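Biologist: I should like a close look at a single part of this structure. Please take one helix and describe how it sits among its surroundings.

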Amino acid sequence: MPRFRRIKGTQDILPVEAGQWQRIEQTIRDTMLIYNYDELRTPVFEQTELFARSIGQATDIVSKEMYTFLDRGKKSLTLKPEMTAPIVRAYLENNLMSANPVSKLYYIAPLFRQENPQAGRLRQFNQFGAEALGAPAPELDIEVILLALEIYQRLQITNLQLVINTVDNPNARETYKHILKEYVEPNLHKYCRDCQKRILTNPLRILDCKVEECRKLNKNAPRLLDHLSTEGQEHFDRVQSYLSANNIDYSINPYMVRGLDYYTHTVFEITSTQLGSQDAICGGGRYDLLAEQLGGPPTAAVGFASGIERLMMVMAAQNLLEPVQKELDIYLCALGDSASEQITIWLQKLRRLGYRTDRDYQNRSIKAQMRDANRQKARIVLILGENELIKRQFSVKLMQTGVQEYVDFNQLESYIADAMRQN
Ligand code: HAM
């Protein structure tokens, strides 16, 4: 038994899986480039206050899931549980608004939430996401939705559902909260404990409580959708009209409010029935007031984030995670110390030429070295023994055809180039 094990809720991404991650990350980067989003990287930890203020004190994330610690200077720091707040912090701190009226930013980053680990719910997980800051236009709402869907399409993921709603502006929400409270209060004792607290701290969250009894009680709850401000209604109508114009299927869940407090107007999730209870691979929405809350100028903004592990679970269920084939171009076998030294030079030379090249490091017999070359699926094997060294040539074996011949050192480069072209 090894002495140390990884922390519960974290994962090692093994070499056999890393190729899939690279492919997904490349698809994300390629798509972001085409939609004209630039990468922004932020530190792994931030002041705790940044998250408390933006995500909201009463949310699950801030009240019970953050990895918060005091550093040696007694400053409270938190491993980032999400990226929107750090992006807005960095946008304000670095004055990105001065370079562009609308900043379109993206990220791929590890995040940390101390949740109860289960399938699709990790304590360290990875998100990619996009944030567009600087305009209230519903055209940007649908751009980020289309961007997320495009990435899934390029990864060939099917059967996803887009669910949207609006949480309007704080005024409309305030009026609606009273209406909702009036509905909930007579039955409050029948709601779960969390909801009994939420009525005081965050009544809207009662609406998307997953507890069966609460769901039943909420069945006829009044809907914010029926109490929208004129501005809120107009924004929501335009988002829907743009989605339809782009032939995007969606449904409205009038009770979806999402678990972060910074949202205004549009909120959305993209879900998969192949994920079980943690069914969202993507969540996002508008957050027009966040920059101001963090001390910046008014900056309307919208974005989304998608969990990469959940995305990979869906891909696995749809048989989209083919193992990435690993093949070596060239394997070098050496017999004897002088040959081994000469091989260090050739190894470097061939690698510089761009061939994926490796060698034996255990001073093994030629038979064992050939076996290793086979195991690593080398296309060409170069063998150097004392005799070959004297004659300044390699014995070269083309593994696919079995052809074996001697090639002079000074002919080797062009011989390999030809052989690689041929098979
Ligand atoms: P979120 O809904 O908290 O939103 O997370 C977005 C996605 O991250 C989820 O749909 C899920 O795929 C993934 N995710 C969240 N928690 C975990 C976990 N413990 N384990 C595995 N995957 C997880 C946000 O984070 C917002 N910042 C999204 C946003 C961007 N809104 C506007 N811009």
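Modeller: A residue is called exposed when its relative accessible area is over 50%, and buried when that area is under 20%. The model is predicted, and the part chosen here is helix 9, which comprises residues 230-245. Helix 9 has 16 residues and spans 22 Å from its first C-alpha to its last, close to the 22 Å expected at 1.5 Å a residue.

The buried residues of helix 9 are G232, H235, F236, V239, Q240 and L243. Viewed down the helix axis, these buried residues fall within an arc of 130°, so they line one face of helix 9. T230 and A245, on the other side of the helix, are exposed. The cover over the buried residues includes helix 5 together with strand 7 (160-166), strand 8 (251-252), strand 9 (264-272) and strand 10 (280-286). Just after helix 9, N247 adopts a positive phi of about 55°.

One of these covering elements, helix 5, leads to the wider interior. The largest nonpolar core has 94 residues, of which M32, Y37, F128, Y152, F304 and L311 touch the most other members. Helix 5 (residues 138-154) gives this core its largest share, nine residues. L311 can be followed further: leaving aside neighbours within four places in sequence, L311 is in contact with I24, F128, Y152, L155, I157, I281 and S306. Another core, of 23 residues, lies apart from the largest one, and its members include L350, L389, V396 and V407.

Technical notes. Residues are numbered from 1 along each chain as its sequence is written. This is a predicted model: local features need pLDDT of at least 70, side-chain atom pairs count only at pLDDT 80 or more; totals for chains, interfaces and linings use all residues. Side-chain values use heavy atoms; hydrogens and water are left out. A nonpolar core is a set of buried Ala, Val, Leu, Ile, Met, Phe, Trp, Tyr and Cys residues joined through side-chain atoms within 4.5 Å. Buried means under 20% relative accessible area, exposed over 50%, partly exposed in between (1.4 Å probe, protein chains only). Helices (H or I, at least four residues) and strands (E, at least two) are DSSP runs, numbered from the N terminus. Contact means heavy atoms within 4.5 Å. The expected span of a helix is 1.5 Å times one less than its number of residues. The arc is that of the directions from the helix axis to the C-beta atoms.
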